[in-house]
Amino acid sequence: MDVIAEGDPGFKRTKGLMNQNATLSQVLREAKEKEEIWNSSEVTMETEKKTHYGLLFDEFQGLSHLEALEMLSRESEIKVKSILNSLSGEELETLKVELEQLKEAFSLAEFCEEEEEEKKGKKYRPRMDQEVSDQAISRE
């Protein structure tokens with residue numbers, strides 16, 4: 001059996017902890033509560049992080065992927081236009097019909113509605129400008 005002496009290393013620190021907290025069971029209880037709080041906050045942080053798409057977008061470099069897709073789209077559009085310019089007659093008409101069918105198949109209904117609303121707004125813009133100029137009201 002070993003006896004703890006006043007000069008043993010770490011005894012002062014242990015004695016200081018024991019003086020601050022009345023019993024070992026109380027120290028263990030507090031440590032357990034702190035661990036539970038830490039674990040619950042960690043879990044909530046993980047779930048918040050998973051459900052926020054902005055964080056996922058940033059985490060997986062979504063902006064660079066989006067830019068790459070835009071570049072690819074522009075290149076493809078240029079290729080299609082060059083092919084359309086090289087064709088004529090019946091081939092051109094059949095290809096235009098096929099491209100229109102593809103466009104309809106891949107377009108989303110909600111975006112089409114937004115585009116139609118924008119076109120309507122552009123349609124009335126010149127008339128509105130004319131009316132405003134007739135009334136001598138400056139638009140800013």
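I began at a turn in the chain and looked up Gln-61, which lies in the loop between helix 3 (53–59) and helix 4 (62–86). In this predicted model, the phi of Gln-61 is near 50 degrees, a positive value in a residue other than glycine. I noted beside this that most residues other than glycine have a negative phi.

Next I wanted the overall plan of the chain, and I found six helices and zero strands. Read from the N terminus on, the elements run α-α-α-α-α-α.

I then checked how far the model can be trusted from part to part. The protein chain averages a pLDDT of 76, and 64% of the residues score at least 70. Which elements have the lowest and the highest mean pLDDT? I found that helix 6 (residues 109–134) has the lowest, at 65, while helix 4 has the highest, at 91.

For the surface, I wrote down that the protein chain exposes about 13400 Å², with carbon and sulfur atoms supplying 58% of it. Buried residues make up 4% of the 140 residues in the chain.

I went back to helix 3 and looked up Phe-57, which has its place there. Is Phe-57 buried or partly exposed? Its relative accessibility is 38%, so I entered Phe-57 as partly exposed, since that value falls between the limits of 20% and 50%. Together with Leu-63 and Leu-66, Phe-57 forms a nonpolar patch on the surface, and the accessible area of the three together is about 270 Å².

My next entry concerns charge, and it begins in helix 2 (residues 24–51), where Glu-33 is found. Glu-33 has a relative accessibility of 44% and therefore counts as partly exposed. On the surface, Glu-33 gathers with Glu-30, Glu-35 and Glu-36 in a patch of negative charge.

I also searched for pairs of opposite charge, keeping in mind that side chains of opposite charge can pair when their charged atoms come close. How many salt bridges does the count come to? The count comes to one salt bridge, and I found that Lys-81 forms it with Glu-77, the closest N and O atoms being 3.9 Å apart. I noted that this distance counts because the cut-off is 4 Å. Both Lys-81 and Glu-77 lie in helix 4, four residues apart, which is about one turn of the helix. As a last check I looked up the accessibility of Glu-77, and because its relative value is 44%, Glu-77 counts as partly exposed.

Technical notes: Residues are numbered from 1 along each chain as its sequence is written. This is a predicted model: local features need pLDDT of at least 70, side-chain atom pairs count only at pLDDT 80 or more; totals for chains, interfaces and linings use all residues. Side-chain values use heavy atoms; hydrogens and water are left out. Helices (H or I, at least four residues) and strands (E, at least two) are DSSP runs, numbered from the N terminus. Buried means under 20% relative accessible area, exposed over 50%, partly exposed in between (1.4 Å probe, protein chains only). Accessible areas come from the Shrake-Rupley method with a 1.4 Å probe; for residues, only the protein chains shown count as cover. Patches are made of residues with over 30% relative accessible area and no salt bridge: like charges are joined within 9 Å, nonpolar side chains (Val, Leu, Ile, Met, Phe, Trp, Tyr) within 5 Å. A salt bridge is a side-chain nitrogen of Lys or Arg within 4 Å of a carboxyl oxygen of Asp or Glu. Lys and Arg count as positive and Asp and Glu as negative; His and the chain ends are not counted. The place of a charge is taken as NZ of Lys, CZ of Arg, CG of Asp or CD of Glu. pLDDT is the predictor's confidence in each residue, from 0 to 100.
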